Amino acid sequence: MKNSTSSSKKKEESAAQSNGVKLNTWSKAVSSKAVWEDKDEFLDVVYWFRQIIAIVLGIIWGVAPLKGFLGIAIFCVINAGVLYVYFSSFQQVDEEEYGGTWELTKEGFMTSFALFLVVWIIFYTALHYD
C-alpha cells in the first residue's frame, strides 16, 4: 500500500511542477527526479544515453590513441558508472521497479559496447594508420 501511495504522491508533485503539461521523454530525461509512468520509456532513455556515451568515448579513445584492454576496461567502468549515478542519484528511481540495480546497469550495455568498439576502431584506424 505504501508503494502505491508514494507513486501517486510523485505523480501529483510532477503534475504540480509541470502545471499539468505533459513533458516529453527527453525533457524528463534531463530533469532531476522526473516521474516515469511508463517503465519502458525510462529504459529507452537509459539505452540511448548508453549509446551516446559509447560514441563519445569511442571517438575520444580513437583520437587519444588508447589501445588494448585498458581502453576496454576504462570504457566499461565509465559506461556503467555514469549510468548508475544517473539512475540512482540524478533520477532517484526505485531500482526494484525495474528488476534491481543490476538490470538497470546492464540495460543496453552489449549494444553500446559493440558501438564503442566500431567507433573506436574506425577513428583509431583513420587517424593512426597510413
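## Helix 6 and its surroundings

In this predicted model, the buried residues of helix 6 are F109, S112, F113, F116, V119, W120 and Y124, where buried means under 20% relative accessible area, exposed over 50% and partly exposed in between, with a 1.4 Å probe and protein chains only. Because they cover an arc of only 135 degrees around the axis, these residues lie on the same side of helix 6, the arc being that of the directions from the helix axis to the C-beta atoms. The face turned away from this buried side carries the exposed residues M110, I121, I122 and A126. What covers the buried residues includes helix 3 (39-63), helix 4 (68-90) and helix 5 (101-106); helices are DSSP runs of H or I with at least four residues, strands are runs of E with at least two, and both are numbered from the N terminus.

The unreviewed UniProt entry annotates residues 45-63, 69-87 and 108-127 as "transmembrane region", an annotation that may be inferred rather than shown by experiment. Two of these spans are set out below.

| Residues | Helix | Strand | End C-alpha distance |
|---|---|---|---|
| 45-63 | 100% | 0% | 27 Å |
| 108-127 | 95% | 0% | 28 Å |

The chain averages a pLDDT of 83, pLDDT being the predictor's confidence in each residue, from 0 to 100. Confidence is lowest in helix 1 (residues 2-17), at a mean of 47, and highest in helix 6 (residues 109-128), at 95.

Residues are numbered from 1 along each chain as its sequence is written, and side-chain values use heavy atoms, without hydrogens or water. Local features need a pLDDT of at least 70 and side-chain atom pairs 80 or more, whereas totals for chains, interfaces and linings use all residues.

Terms used. Contact means heavy atoms within 4.5 Å.
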